[in-house]
Amino acid sequence: MPVKILASADLHLGRRPSRLPESLRSSSRELGPAGVWSKMVDAALEAEVDVVVLAGDVVEHENDFYEAYRELYQGVQRLSAGGIKVYAVVGNHDVHVLPRLAGQIENIELLGRAGEWESVTLQVKSERVTFWGWSFPRPQVTYSPLAGQRLERGAGPNIGVLHCDRGQSSSPYAPVAEGELVAAGVDCWLLGHTHAADDCSYDYKSAYSGDGLGGYLGGYLGSPVGTDPGEPGAHGPWLITIEGGQIGRIEQWPLAALRWEELRVDLSAITAAEQARERVLEVARDLDQQLQDAPPQAVGLRVVLGGQSDLGSEAVALFGDEARDHLLNGAAGTHYFIERVQLATRPSIDLAELAADSDPPGLLARQLLLLERPLDDPQRQQLIAEARRRLQERAREARWQEISPATIDDEQAAEWLRQAGLRILERLRAQQPQEEAEQ
């Protein structure tokens, strides 16, 4: 019989989802990390999984000890009663609290304490598998835990469990080069830290290699649930199956009760602003059909209204609080709500025609046309450089200092300019008929 391993990372027990509408705030525990952890335990027991692996940042903060203790204790005890072993490594968030929790909770074993690689070989059914793990010894680690390392292989498939920052050499969170992961000599890496999962699709029987990262299976597990709109798409643990002394299959189980999605809606064909609501509902229903294999409890939508239309601003105004809080009931009862509506429409008039005028809309149209020039055009480069300078000035303001600084590249700055300019242009053109009537 095959060995089944359920793996997850970045649970962040103690964290609650943000940007929920009022109607869902009472369900924040169920929709967040605590809820998905409970679903993972249920799924592991139902599927008769043999091992659960947690790749760091199991707990959000030190002050979440008691809440995390309750959730982790109950889950681990249920897994243990079902004969399921639990292994974990420590991440940068839970470097102090997870070892304390592990000391209080039986049947959870930490690998690689104090920043030293550690392995354990299990005999499960007729198979053997070796796990290698390394844990953060302190909140920040500026060196690579794999520098110069070639892990001595144990019996069966060898699986590495590590919380790290792949490909970021200056990171203070265990920076690891992809080449070091390849050279370490394990068959599969289960990585934590980045909340977006790598593509884990792998099936030995189909001869699909699945090693797009270069020489090994697996990769970043991602967080099991997206707690804010910046973590869109499917989230959930991975199931790794071992049979005949080799890894036979890796697949993601999308167990998260909450999901975030960007919904792009083309308004080009509408003739009245009210039709925008119909278009949004139509696209939301299409998404609901796509999610029927594993329908979540709630889906938060970041709606982007695009296409060529002069009705964008009017359309945005139609989506008040009530419409946003509960847009649609899905076929399986999924609660769809709108987290934000973004305007990305293009004016119906030709920019080149508008730019021939010397009024404010014409002057703005000329600037927008600069963004359509080749990347090496001096005037385009000057415009983008000025935009980046001003954005960085805002980023350095005191109110933003607790947020990790984001690097803004030229294309991001160009897109920001384009969207901001088009919104202003639409407003300027909407004012012109009124101004002409008053004259």
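Student: What does the side chain of His93 reach at 2.8 Å?
Tutor: The backbone oxygen of Glu60. Bear in mind that this is a predicted model.

Student: Where does His93 lie?
Tutor: In the loop between strand E3 (85–89) and helix H4 (97–104).

Student: Is His93 buried, exposed or partly exposed?
Tutor: Partly exposed, because its relative accessible area is 29%, and that falls between the 20% and 50% cut-offs.

Student: Which residues is His93 in contact with, leaving aside neighbours within four places in sequence?
Tutor: His12, Asp57, Val59, Glu60 and His61.

Student: How far is His93 from Asp357, C-alpha to C-alpha?
Tutor: 57 Å, with their positions 264 residues apart along the chain.

Student: Switching to Glu71. Which helix is that in?
Tutor: Helix H3, residues 65–81.

Student: Buried or exposed, and why?
Tutor: Glu71 is buried, because its relative accessible area is 5%, under the 20% cut-off.

Student: What is Glu71 in contact with, sequence neighbours within four places aside?
Tutor: Leu13, Arg29, Ala34 and Trp37. Trp37 also appears among the residues with the most contacts inside the largest nonpolar core.

Student: How many residues does that core have?
Tutor: 62. Val52, Leu72, Leu162 and Trp189 are also listed with the most contacts inside this core.

Student: Which helix gives the most to this core?
Tutor: Helix H2, residues 33–46, with six residues.

Student: And what is Trp189 in contact with, beyond four places in sequence?
Tutor: Its partners include Trp117, Leu146, Leu162, Tyr216 and Gly219.

Student: What about a second core?
Tutor: A separate one has 28 residues, including Val51, Leu111, Val124 and Cys200.

How values were computed:
Residues numbered from 1 in each chain as written. Predicted model: local features only at pLDDT ≥ 70, side-chain atom pairs only at ≥ 80, totals over all residues. Heavy atoms only, no water. Helix = DSSP H or I, 4+ residues; strand = E, 2+ residues; numbered from the N terminus. Buried < 20%, exposed > 50% of the residue type's maximum accessible area, 1.4 Å probe, protein only. Contact = heavy atoms within 4.5 Å. Core = buried A, V, L, I, M, F, W, Y, C linked by side-chain atoms within 4.5 Å. Polar contact = N/O pair within 3.5 Å; in protein donor to acceptor, adjacent residues only side chain to side chain.
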